[in-house]
Amino acid sequence: MKKSLFISISALLLLFGCDYNDKYFDGLDEMSQPKDVFSKQYTLLEGDYKTIADNKANIAMAAAEGVSTQLKNLATDKYFTGALDPKKYIPAFLLGKYIAADDGSVVKVAYDYRGDIKDYMPDLNATTIYKLSASDYQLAWGADSKLNFFTPSKPAADYLVAILNDNMKDAVEGDIVAASYNVSEKEPADVTYAFNEDFEAGTANTNIESENWLNITVKGKFKWQTKSYNGKYAQQSANAHSDGVLDSYLISKEITVESGMSLTFDAAYAYHNEIGGRVSVLITTDLSDATPEGIAAAKWDDVTDEFKVPTATSGSIDASNAGSTSLSSYVGKKIRVAFRYQGDSTTGATSTYRLDNVIISTPGKNTYSTVNTLYTYNGAGWALYAESNVIMLGQADIVEMGGRYDDFSSSLNPDNYLPTFLKRKYPYALEGDVKIVVYKYFSSSVTTIRADKYEYKNGQFVREAAMSQFAYADGTWKFDPSTVITLSTSKSDTETALFYQTITDWVKENHPSYVTSYGNNDYYYGGSAYNNNFDFRVSAWKPYYANETEEQLQTLMFERLPESFPHALKVLYADADAVAGVEVVYTINFSIYNGTTTDPYTIKYLVTGKAQFEYIKDSVKKVE
């Protein structure tokens, strides 16, 4: 998950001050007004390293740990090493610097660190990733376009603000997003269509009669018909078919296959049931007679498994792209493509099949690379991020450094490449020049944003590589990585969707009967990666709990809720760990949909070990 889901513990105090104080600072209400409760960010200055090295408490601790030499060297080296843990030696410095601090104060300290940085996570400045969808590119190329890149005649800058404004409506002032999109240096090559059927020429609720199709029913009476809803499409179903068995073919005209051609179409199953009512996608080269007997005599290749058709148990579903398959094995031959519906109203095999946009084409030869650009929300809309010393890397940059995609990973460590990259990019850099490099990082199937600060020193770009959070309580400063995760209700928030999907994936593995056919929500916990909330509608849960009353279900929902979050936390926050002497608390802000309103809630977990999260009793609360 991205750091965009994080806010500091100080923000937690502001949002949930009374609850936090009651739990962690018992008796605070009886105390006098706090003298100085604050949240700050501080970067150690050169002189601060000497102050830390000369601190008597630190000297004693270093002697006990056998690192006195390393502490002494800190004064002149002005950076921490793997042997000298800054989380242990910075608190004494803070105690002397912020003498008026009161319980609840928080400081994020940035410092130079060289050595083992496995626990280091740079400040991501709330940056999220927005990857443009196919429909976003249509703003440039038109609603019928399949192009997924920008070109010199259609520059991304002309469209990105409108795209972000339309898709990220929940943004608040100061939010930053990395827009991720494709760019081609050349204009698009033309796509050649050998067959392109959108059924718009048909008459609604009548049998399909067209030079493009043979409409032949082998068993039964129903034929494929043109239907109209949000545009026209073809449909077949055995529902209310008085003859019971229905076996019906919609067969394309002959098409001569050329090199590079592929078949694609949009489809959907409405009123889907497990009993049946299914369509097979078939290809033949030898249909000589357009009759039931000719169909039976022809040899058909079944390519159904090359496509994936979405389903809905209701009629509320539009056809969407089902995938594509190469026609390379038919090059030079004449083929027909058939959609064969088989159902039976007497058994209930009556799923409705909707078909649209059947295309056989040869794609143009287009090449492009992924570009990432930072935008910021100014309160009224999105605008290009304007800080001149901030660099957002794209695919071309990563390729230059030996990569293939537009991200770094453990096998392409940015620390090994960025200093050289910056020196080549800025050959005339002056001493003290600062560049902040923002890039994607791929790990454990998740892509996040990282931001590293580099300063030009003695002919080299040196990374400012660490920041740690410290909290003040009971007269001492302690390292405290307590975190707040805010799960957005925006459907466009992919990080939040990943969080809910991780919960549902656990249910899918352990209680699969509670996962919906779409696979993106479940009713064991009620998590929905589609709506980015918990669905606590009794009517939605009831089909999975036939023997439970409404009251019992409502109780069950909240009883199970606390056990749901750790399934995602253990996967997405695997680096979380307990800290000796510190209660590391993860607070999650989320939403519950009750059928009428979507209400905000909060819940808290204590980190008890590496990726171990323990629910804090009675911490589930509705935010009023």
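**Cores and a four-strand sheet**

Reader: Which residues have the most contacts inside the largest nonpolar core, and how many residues does that core have?

Author: The largest nonpolar core has 40 residues, and those with the most contacts inside it are F499, F534, F565, L569, Y586, I588 and F590. A nonpolar core here is a set of buried Ala, Val, Leu, Ile, Met, Phe, Trp, Tyr and Cys residues joined through side-chain atoms within 4.5 Å; buried means under 20% relative accessible area with a 1.4 Å probe, protein chains only. This is a predicted model, where local features need pLDDT of at least 70 and side-chain atom pairs count only at pLDDT 80 or more, while totals for chains, interfaces and linings use all residues. Residues are numbered from 1 along each chain as its sequence is written, and side-chain values use heavy atoms, with hydrogens and water left out.

Reader: Which element gives the most to this core?

Author: That's α14, with eight residues. Helices are DSSP runs of H or I, at least four residues, and strands are runs of E, at least two, numbered from the N terminus.

Reader: And what does F565 touch, leaving aside neighbours within four places in sequence?

Author: F565 is in contact (heavy atoms within 4.5 Å) with L487, F499, I503, F534, I588, F590, I603 and Y605.

Reader: What's in the second core?

Author: That separate core has 32 residues, including F199, L250, F307 and F339.

Reader: Switching topic: in what order do the strands of the open sheet run?

Author: β6-β7-β21-β22, with mixed pairing; strands pair if DSSP finds at least two bridges between them.

Reader: Why is one side of β6 and of β22 left without a neighbour?

Author: Both stand at the edges with a single partner strand each, so one side has no neighbour in the sheet.

Reader: How do β7 and β21 pair?

Author: They're antiparallel over eight bridges, and S180 has N372 in β21 as its bridge partner.

Definitions and conventions
Buried < 20%, exposed > 50% of the residue type's maximum accessible area, 1.4 Å probe, protein only.
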